[in-house]
Amino acid sequence: MEFPVQTANPAKVETACLALPVFKDGDLLPAAAKLNDASERLIGQLIERGDFSADLGKVQMIPFAPGLNADRLLLVGLGERDKCNEGSFRKALDATFAALAELPASEASVALTDVPVPDRDTQWKARMISEAASRSVYRFTEFKSSPAPAPRLEQVTLLVSESDDAAKAKEGARIGAAIGEGMNYTRTLGNLPGNICTPRYLAGQAEQLAADSKGALVTEILDEEALEALGAHSLLSVGRGSAEPSRLIVMKYQGADDPDEAPHVLVGKGITFDSGGISLKPGAGMDEMKFDMCGAASVFGTVKSTLAIKPKINLVAIVASAENMPDGRATKPGDIVKTMKGLTVEVLNTDAEGRLVLCDALTYAERFEPASVLDIATLTGAVIIGLGHHATGLLSNDDDLALDVLDAGETAWDRAWHLPLWDEYQEQLDSNFADLANIGGRPAGTITAGCFLSRFADKYPWAHLDIAGTAWDSGKQKGASGRPVGLLTQYLLDRETELVEAIASND
């Protein structure tokens, strides 16, 4: 999708549809005021007569507007002015583009950078606009015999009132478009069924990303023989009951001027289907366990966004992928496996398998001497009980890193919440027979899962993102959400800013 930026008088803009934001108080923003004057007070009259209430997220299509060059006018409700914030702005955007995506038109124009969002500039608003537009046209119809017609929207022009803001709008739109495309890629990988999206399929996706990157990305695929040689018996134990072979997928992007600059590492849980193994899950809702690779999918999406944005950092993306199935060879409750780090783990529940693949991937990450490591996983149902479906759970062994992740989430409006990683919780992982158990009981399940991973992340600053509550939606709107690609991409962009500033201060 294309996002040109224009500073023309909105009343003179020729477009199939012009989206215009309106507050409930009737005090019109600059673009709306110009359009109101040009259309014989059409907007003002609609508000005064109560024909449009401007409630947050409410939209009204006006098919013919006198005095305007736009074929249609879409009024977008912003609600009350004093309550306008990032969340309400995003809600208004989603409503806008849901309506525009239904139009029989390939282009539209929006005057949404006018909206005053406290502490957010034109670049941020343009980024949110282009991201929302990209997300709005996503449809997963690969397996529909007669899919509904795809949205025709291909171009969204961003109208800015001040010419000085045009450059910021262009940069924001560029970043937002890249993140939107990365999120849509993540959604597709998550939505694919487990009989298609296997560990080998994900490995093929990594190879395709590298092939399409014109040398910007290098991929290495470690098969089961290579993992055996590395001593990754924990990862291998998870896939032992499946006919699908496990894989460790490594993708390397070098964007920093110094190729030896310490990389930031993303590690994704890629359980392409999670039956629970011998600790079999209940049948109801088990189909959603194809989403258990959404951590890996978000890493792929972030790599895609990174390749489009081209930040000057070094990045290593690692995906630990397996299929967790019951079989005569499957790991049994009570089995003990040896990790790549050398620690032994008593597997008390084979449905706590994500940490078993991640622990070997976290150990593998040590060889890159990373500046930071973030792992992303649909790890525990407990995080949904604690945080619901709005916030991603965050645990970290480094408070500064945790703050960086939280800040990135606030900027991307893809938020996380910091949970404690206190030593007292570690005792719940004590085992009578091995160095540690893979579960710590019902209390604080998300935290003890983080405690388990922390045993394998003691060589670098590390943060864990539990996305079990945010990676997909259930019910009528079932499907992968694309989160937390926005957070992860913003985290990397912030590290680029830090690196550039550090280099400049040393010159």
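This text leads the reader through a sheet, a helix and a charged surface patch of the structure. The model is predicted.

The sheet is open and has six strands in the order β1-β6-β5-β2-β4-β3, with mixed pairing. Its edge strands are β1 (5–6) and β3 (59–62), each of which pairs on one side only.

The pairings can be followed from β5 towards β3. Strand β2 (residues 18–22) pairs with β5 (residues 107–110) in the parallel sense, over two bridges; here Leu18 has Ser109 of β5 as its bridge partner. Strand β2 also pairs with β4 in the parallel sense, this time over five bridges, and Ala19 stands opposite Leu74 in β4. By contrast, β3 and β4 run antiparallel and are joined by four bridges. In this pairing Leu74 of β4 is the bridge partner of Met61.

Strand β4 (residues 73–77) deserves a further look. In a regular strand the side chains alternate between the two faces of the sheet. In β4 both faces are covered: Leu73, Leu75 and Gly77 are buried on one side, and Leu74 and Val76 are buried on the other. Because five of its five residues are buried, β4 is largely enclosed by the rest of the structure.

A helix shows a similar setting. In α10 (residues 354–364), 11 of the 11 residues are buried, so this helix is largely enclosed by the rest of the structure. Among these buried residues are Arg355, Asp360 and Tyr364.

The surface offers another view. Asp223, Glu224, Glu225 and Glu228 gather there in a patch of negative charge. Asp223 lies in the loop between β7 (217–222) and α7 (224–230). Asp223 counts as partly exposed because its relative accessibility is 32%.

Definitions and conventions: Residues numbered from 1 in each chain as written. Predicted model: local features only at pLDDT ≥ 70, side-chain atom pairs only at ≥ 80, totals over all residues. Heavy atoms only, no water. Patch = residues over 30% accessible without salt bridge, like charges linked within 9 Å, V, L, I, M, F, W, Y side chains within 5 Å. Areas by Shrake-Rupley, 256 points an atom, 1.4 Å probe, with all protein chains shown as cover. Salt bridge = Lys/Arg side-chain N within 4 Å of Asp/Glu carboxyl O. Lys, Arg positive; Asp, Glu negative; His and termini not counted. Charge placed at Lys NZ, Arg CZ, Asp CG, Glu CD. Buried < 20%, exposed > 50% of the residue type's maximum accessible area, 1.4 Å probe, protein only. Pairing = 2+ DSSP bridges.
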